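Student: I would like a close look at one part of this protein, with enough of the surroundings to place it. Could you walk me through it?

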Amino acid sequence: MSPATWPSEGLAGLLILLTTLLVAGVAWHARGHLREHGVPAGRSHWLWPLLAAVWGFLTLIWLVSDLLTLYLALEGLGFCAVALMWLPGTREARRAGLYYLLASLSGSALILTSALLLYSHYGHLDFALLAQASAEDPRWRWLALAGLSTGLLVKAGAFPLHTWLPPAHAAAWAPVSALHAALIIKASLFLLIKLWWQLGPAAAPSMQLLGWLGAAAVLWGGLLAWRQATLKKVVAYSTVSQMGYLLLLFPLMASAEEGARQLAWQATWLLFITHALAKAAMFMAAGNLVLAMDCDDLKGLAGVGQQLPLSLLVFGVAGVSIMGLPPSGAFTAKWLLLESALAAGQWPWLLLLGLGSLLSAAYLFRVFAYCFTARAEAPPCRRVPSHLDIVPLGLALAALFLGLIAGWPVAWVQGGGLP
């Protein structure tokens, strides 16, 4: 697990391709979505340069390997994300965006302080040089890693530091929520993984702690998603839950069993990609349903199954990946996680994978139960243009069938070697 084995080229290339696909899809969907909502051009024209900036900052994050550049890129990404959240101009959007900004700045303060601590003691901010210098004198490395990890977990909306995330998604435009859940918060988890593998690969107890935080996120996020009364908050808390699976990489990679480590590594990035595709599709489909019914309340969606079958189909296809059913990439990824946990002898994760899938099924089938509830009088329904369903349908199908070609992304990631 040395710094030289980080698979920078293959992994970065795959993530850049994913970023380009999703940013382009969000831009295409947003164009029609905002027009149907009647958003004035003066309010929406900032969306396009912000999307371009998000693509640039994400690409930089996937590529670079020094802490200063990564910090600056992450800050730029965070400010763009807050600006995107503020675009609707409503009171709820301003309040949620401010809450998001305060959380992001808190995380930034921890990251900057920890980075300065590393530089003051080791004189480097390049990951490879930091790893070499801190190996000789590791006293300050663990303190800095604790601060860096906490700051990144805040920015990622990871449990229990997730409270800013659902209100932000509920108030934002659906295409913005799609990009935010698919990639922006994942950038912080990407950096968390990279930091630990470059600087702290031997800290098994700390890795177990991160794994238990992920387990709590899967269960708590799933329970809260099941209890929500509005569609976008269901999808938002689902994001909190699904992000927890990515933290299972840490305890599994701390295993001495090489086979378990390799399976966990493959599973994490396959799940990373599948969730990005499926969650973007789900937020877009949810936005279409809310647009058609002019209502985000689940009870107000009664009868939508008969009137908007395509939008609901897209939501359902994305839900197959969220639940981890075959042939989705999430099913293959969770199967690899299960095999990794068995090989590592870490039995609690087996139970977690089962409970997490059941919770996902519970809150998604609850949504469908509302949508197919019959009404004595058909609720008013606005016809959604079919082109608004094309992009999310393509993304949902990509996530669904990714499991059938899982060897391709896994081989691309493995091209740089196993940490």
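What follows is a request about one helix and a connected answer.

Student: Which residues is Asn288 in contact with, leaving aside its neighbours within four places in sequence? Please take helix α13 as the part to look at, and set it in the whole chain.

Tutor: Happy to. Please keep in mind that this is a predicted model. Its mean pLDDT is 87, and 93% of the residues reach 70 or more. Confidence varies along the chain: helix α3 (residues 47-63) has the highest mean pLDDT among the elements, at 94, while helix α2 (residues 41-44) has the lowest, at 69. Where pLDDT is low, the predicted coordinates should not be read in detail.

Let us begin with the whole. The protein has 19 helices and zero strands. Its radius of gyration is 21 Å, close to the 22 Å that the globule rule gives for 419 residues, so the protein is as compact as a globular protein of that length. The C-alpha trace spans about 75 × 45 × 35 Å along its principal axes. Of the 419 residues, 59% are buried. Among contacts with a separation of 6 or more, 81% join residues 24 or more positions apart.

Now to your helix. Helix α13 covers residues 258-293, and Asn288 lies in it. Asn288 has a relative accessibility of 0%, and because buried means under 20%, Asn288 counts as buried. Leaving aside neighbours within four places in sequence, its contacts are His29, His33, Ser311, Val384, Leu388, Asp389 and Pro392. One element in that list can be placed from its range: helix α15 spans residues 309-323, and Ser311 is one of the contacts of Asn288. Helix α1 runs over residues 8-37, and both His29 and His33 are in contact with Asn288.

Trp269 is also in helix α13. Its relative accessible area is 1%, so Trp269 is buried. To place Trp269 in the fold, take Pro88 as a reference: these two residues are 181 apart along the chain, and their C-alpha atoms are separated by 33 Å.

Helix α1 deserves a second look, since Asn288 led us there. Gly13 lies in this helix, and at 23% relative accessibility Gly13 counts as partly exposed. Gly13 and Trp62 are 49 residues apart in sequence, with 8.2 Å between their C-alpha atoms.

For another view of packing, turn to helix α6 (residues 127-136). The buried residues here are Phe127, Leu130, Ala131, Ala133 and Ser134. Their cover includes α4 (67-86), α5 (91-122), α7 (139-156) and α9 (174-199).

Two loops are worth a stop as well. Pro160 is in the loop between α7 and α8 (165-171), and the peptide bond from Phe159 to Pro160 is cis, with omega near 0°. Pro327 sits in the loop between α15 and α16 (329-344), and the bond from Pro326 to Pro327 is cis too, with omega near 5°.

Finally, the surface. The accessible surface comes to about 15,600 Å², and 69% of that belongs to carbon and sulfur atoms. The protein has 22 positive and 16 negative charges, with mean positions 11 Å apart.

Terms used
Residues numbered from 1 in each chain as written. Predicted model: local features only at pLDDT ≥ 70, side-chain atom pairs only at ≥ 80, totals over all residues. Heavy atoms only, no water. Helix = DSSP H or I, 4+ residues; strand = E, 2+ residues; numbered from the N terminus. Rg over C-alpha atoms; globule rule 2.2 N^0.38 Å. Buried < 20%, exposed > 50% of the residue type's maximum accessible area, 1.4 Å probe, protein only. Contact = heavy atoms within 4.5 Å. Areas by Shrake-Rupley, 256 points an atom, 1.4 Å probe, with all protein chains shown as cover. Lys, Arg positive; Asp, Glu negative; His and termini not counted. Charge placed at Lys NZ, Arg CZ, Asp CG, Glu CD. pLDDT = per-residue confidence, 0-100.
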